[in-house]
Number of protein chains: 4
Amino acid sequence: MRKTIVGVMGGCTADERTLHHAREIGRLIAENGWTLLSGGRQTGVMQASITGAHEAGGLTVGVLYDEDRELGADGLDIVLPTGMGAARNIINVLGSDVVVACRGTGGTTSEIALALRFGRPVVLLDFDPGQAFLEAGASEVKYSLAETPAEAIQMVAGYLKELGRI
Amino acid sequence: MRKTIVGVMGGCTADERTLHHAREIGRLIAENGWTLLSGGRQTGVMQASITGAHEAGGLTVGVLYDEDRELGADGLDIVLPTGMGAARNIINVLGSDVVVACRGTGGTTSEIALALRFGRPVVLLDFDPGQAFLEAGASEVKYSLAETPAEAIQMVAGYLKELGRI
Amino acid sequence: MRKTIVGVMGGCTADERTLHHAREIGRLIAENGWTLLSGGRQTGVMQASITGAHEAGGLTVGVLYDEDRELGADGLDIVLPTGMGAARNIINVLGSDVVVACRGTGGTTSEIALALRFGRPVVLLDFDPGQAFLEAGASEVKYSLAETPAEAIQMVAGYLKELGRI
Amino acid sequence: MRKTIVGVMGGCTADERTLHHAREIGRLIAENGWTLLSGGRQTGVMQASITGAHEAGGLTVGVLYDEDRELGADGLDIVLPTGMGAARNIINVLGSDVVVACRGTGGTTSEIALALRFGRPVVLLDFDPGQAFLEAGASEVKYSLAETPAEAIQMVAGYLKELGRI
């Protein structure tokens, strides 16, 4: 059976708390035996979540913005450069069973929007882009707001149970 | 000199008021001599805005979700099928000098998010995905809320002036 | 009715003869009232064909490899940056009624391959990537070898007639 | 350290010999401890190579043409739907350390062309699209023709040694 994939999205730059959250969520994903999917760059939420998952022995996949494989984050197992820029955002979404969104800017909110559009449940970790945006996303949106990584991972597990993945 | 391009985004399905707005904004874009860029499908805001521009003698360009050219809207001058699905959203954004967003769901909000991320000014026509989302988009976001097509087109003109396009 | 689009593909760098051919084919496309579609960069076959079409008063469309609009060729009317790199090759192919391929390297041959795969007739202008490659392309391939721009444009016209475009 | 990835390309439909080759090459990739990357569909060379690798206990990654995850081949570990159609070909190429090309049509030759363009060594297994095409691919092309899977895998190993991957 295919592996269960949890996507982690978030800003290229991030404050200390967000980086801490990203690293924790990466660790928890790995400890649950799930695969981490992200944009795979060496910065911000991407690097932090990969570091967390890698240190916990998890499998990590990165779909890069860039053509150059060398720009992949430390700790990535599967490096997929695309050279496609923001067009690759849809892959991070479609490839995930559930998406965790940490604090970010337009790149991150575009991924949340696509997740809602394509029916991927979204857990928002300490990041609230507002109900008007979230409700606009789709007729039957699935999203939850979490304050801590521990709370977020419980919500992820809940969605995965609904999906019959665990 | 290259043509000035105004992108029009919005839902595949839309209520009467939104369709009326889309058609009007298409007409006004054409009357100002600007080129209309959109997702180019035969439904909703895409078809309505193209119809409006086409009837007013404007040039219309559609970057389709689909591989099949026959799915292009009536009145499209330049039909570019992509077969790329939602990955083509970024082209609608990067190709536009200014983006007008009508009511839509996740596809539309993903395009607004990308526009803010890549510095394309956004005019929101009778559609408010909320300040939290809009402010998250970028450090220096440029967006305005319009209630009517006439108001929206004035805001578009204002942004084009700032950009030195008119 | 939508505009008839002829795609021109070819190398980013090119020798004098190839550049001359590209400029001529651009001019002939414009004189026939067709729209020129290309990768739209400022170099090689792309710039030369756009210059030829632009000087003859034709409409030119460029789907750029890059995110940055400023990299569009001189004489482009419709500039569509994608930031998608080589992934945008498929758009040049799917958007064309007929493809003209001038001398090029792997980018150009990938576009010829896609054209054969997706049923777009290909005219090879002074460029022969070999029958083994061309025949492998599809079960029912449509391609012709031309030695001069004048010969190429006649072949383009022939394919457009078959397609009911002229 | 990131995993070593060998891409396997080839036709959606294939004759018995080609399917046998694909399955064998998949098995050999897995037995060498490398990861298999492919287009990931349930047909032809894609399914056969994934079956071979999966049965030998290897890790398999598929970057799908389609939006729908359910179209992923049996035996895929990491399923990445893209909904991008042929635009995703570049990911199969850029993600591979070395590419093995089995018999195919235009989709496959487009991937070979991109591999040559982006400097990924190509091993052609019982498939010869001709020297004219291969030499056109780039100024410094790296490709080899193999008659059997065993011969192909030796060539793959040779390229991986050159690249410092083994």
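**View 1. Chain B and chain C share a buried interface of about 2,300 Å².** In this predicted model, carbon and sulfur atoms account for 67% of the area that chains B and C bury between them. On the chain B side, look for Arg2(B), Arg69(B) and Leu80(B): they lose the most area to chain C, and together they make up 25% of what that side buries. The contact brings together 29 residues of chain B and 30 residues of chain C.

**View 2. Arg69(B) reaches across to Asp97(C).** The side chains of these two residues meet in a salt bridge, with N and O 3.5 Å apart. Between chain B and chain C the count is two salt bridges, along with six residue pairs in polar contact, both residues at pLDDT 80 or more. Several elements of chain B help to build the side that touches chain C: β2 (35–38), β3 (60–64), β4 (78–81) and α3 (89–94) each supply at least two residues. The largest share, four residues, comes from β4(B). Sorted by class, this side of chain B has 16 nonpolar, five polar and eight charged residues.

**View 3. Within chain B, helices α1 and α2 pack against each other.** Helix α1(B) spans residues 16–31 and helix α2(B) residues 44–55; their axes lie 7 Å apart at an angle of about 35°. The crossing of the two helices is right-handed. From α1(B), the residues in contact include Leu19(B), Ala22(B), Arg23(B) and Gly26(B). Their partners in α2(B) include Val45(B), Ala48(B), Gly52(B) and Glu55(B). By class, the contact has six nonpolar, six polar and three charged residues.

**View 4. Chain A meets chain D over a buried area of about 2,300 Å².** Here carbon and sulfur atoms give 67% of the area. Arg2(A), Arg69(A) and Leu80(A) are the chain A residues that lose the most area to chain D, together 25% of what that side buries. Each chain brings 29 residues to the contact.

**View 5. Asp97(A) pairs with Arg69(D).** The closest N and O atoms of this salt bridge are 3.5 Å apart. The interface of chain A and chain D holds two salt bridges and six residue pairs in polar contact, both residues at pLDDT 80 or more. β2 (35–38), β3 (60–64), β4 (78–81) and α3 (89–94) of chain A each supply at least two residues of the side that touches chain D, with β4(A) giving the most, four residues. That side of chain A has 16 nonpolar, five polar and eight charged residues.

Definitions and conventions:
Residues are numbered from 1 along each chain as its sequence is written. Chains are lettered from A and ligands numbered from 1 in the order in which they are written. This is a predicted model: local features need pLDDT of at least 70, side-chain atom pairs count only at pLDDT 80 or more; totals for chains, interfaces and linings use all residues. Side-chain values use heavy atoms; hydrogens and water are left out. Contact means heavy atoms within 4.5 Å. Buried area is the accessible area (1.4 Å probe) that two parts lose on being put together, summed over both. A salt bridge is a side-chain nitrogen of Lys or Arg within 4 Å of a carboxyl oxygen of Asp or Glu. A polar contact is a pair of N or O atoms within 3.5 Å; within protein, one must be able to donate a hydrogen and the other to accept it, and residues adjacent in sequence count only if both atoms are side-chain atoms. Ala, Val, Leu, Ile, Met, Phe, Trp, Tyr, Cys and Pro count as nonpolar, Asp, Glu, Lys and Arg as charged, and the others, Gly among them, as polar. Axes are lines fitted to C-alpha atoms, for helices over the stretch in contact, and angles run from 0 to 180 degrees between N-to-C directions. A crossing is left-handed if the near helix is turned anticlockwise from the far one by less than a right angle, and right-handed if clockwise.
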